[in-house]
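Notebook open, structure loaded. I want to look up a few side chains and then see what sits around the ligand.

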Amino acid sequence: MADITWDLLETQVQRCQLCSLYKGIHHKVPGQGDRSAPLMLIGEGPGREEDEQGLAFVGAAGQLLTRMLSAISLPRERVYICNVVKCRPPQNRTPLPEEMEACRIHLRMQTWLLRPQVILLLGATAAKAALGPDTYITRVRGKWIEKNGVWMLPTFHPSALLRDESKKPLAWEDMKSLRQKLQELHLYEDIYG
Ligand code: URA
């Protein structure tokens, strides 16, 4: 992967026809944010507003995500945010396993380029993509998992919090746990403090 660059990633995503999702979209949504951030956030896939703007997490779920980050004093522009799939699935359905698999090359390029130390997995699709298809978000949520030196925390997807407010206290616990991990790794004060 030595010749991978952010420009190449962008070009690959824009040209990608590895699954059929590209057929029904307005814009590809590669992801955006601080390319030197130690913290990466991975969601599921673009929704309607993301598809219109070509940017990840700009709709209602994205606005909630911004508030969750600022609740632990993380400015959103200081993290890198992307999704498992870069094209909006029709009617916002969950991406199919073969669509996730086809798009995996882009997520791999992103993690290779960013080399994050901490990854927040937003929802079941991100947890399955990172931890395996048999992963259940209800079982792994809030538990830190270390893989190849990278710390990963599965949490609820912000859309799930919008649908079910009763999940918010657990999500808040996860955000505090994220802050603590960043502090332990000396990433919080140096970079976000
Ligand atoms: N939901 C996601 O998973 N990703 C987005 O970018 C927006 C909503």
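Entry 1. I started with the side chains of D51 and H26, which are joined by a polar contact of 2.7 Å. I'm noting right away that this is a predicted model, so every distance here is read off predicted coordinates.

Where does D51 lie? I found D51 in helix α2, which covers residues 48-53. Is D51 buried or exposed? Its relative accessible area is 3%, and the cut-off for buried is under 20%, so D51 counts as buried.

Next I listed what D51 touches, leaving aside neighbours within four places in sequence. D51 is in contact with I25, H26, H27, V29, P46 and R88. H26, the polar partner from above, is thus on the contact list too.

I also checked D51 against A160, which is 109 residues away along the chain. Their C-alpha atoms are separated by 19 Å.

Entry 2. On to the ligand. Which residues surround the ligand? I get G43, E44, G45, E50, A56, F57, N83 and H157. The space the ligand takes up is the largest pocket.

I then went through the polar atoms around the ligand. An oxygen atom of the ligand lies 2.7 Å from a backbone N or O atom of E44. For G45, a polar backbone atom is 3.0 Å from a nitrogen atom of the ligand. With N83 the side chain takes part: one of its N or O atoms is 2.7 Å from a nitrogen atom of the ligand. How much of the ligand's accessible area does the protein cover? On its own the ligand has 240 Å² of accessible area, and the protein covers 93% of that.

Entry 3. N83 came up at the ligand, so I looked at N83 itself. N83 is found in strand β3, residues 80-83. Its relative accessible area is 2%, which means N83 is buried.

What else does the N83 side chain reach? I found the backbone nitrogen of E44 at 3.2 Å. A polar atom of the N83 side chain also lies 3.4 Å from the backbone nitrogen of G45. I've jotted E44 and G45 down twice now, here beside N83 and earlier around the ligand.

For the full list, I again left aside neighbours within four places in sequence. N83 is in contact with V29, I42, G43, E44, G45, P46, A56, F57 and L107. V29 and P46 ring a bell, as I had written both down for D51.

How values were computed: Residues numbered from 1 in each chain as written. Predicted model: local features only at pLDDT ≥ 70, side-chain atom pairs only at ≥ 80, totals over all residues. Heavy atoms only, no water. Helix = DSSP H or I, 4+ residues; strand = E, 2+ residues; numbered from the N terminus. Buried < 20%, exposed > 50% of the residue type's maximum accessible area, 1.4 Å probe, protein only. Contact = heavy atoms within 4.5 Å. Polar contact = N/O pair within 3.5 Å; in protein donor to acceptor, adjacent residues only side chain to side chain. Near = heavy atom within 4 Å. Areas by Shrake-Rupley, 256 points an atom, 1.4 Å probe, with all protein chains shown as cover. 1 Å grid on protein atoms, 1.4 Å probe; cavity = no way out; pocket = protein on both sides within 12 Å on 5 of 7 lines; lining within 4 Å. Sits in = over half its atoms within 2 Å of the grid points.
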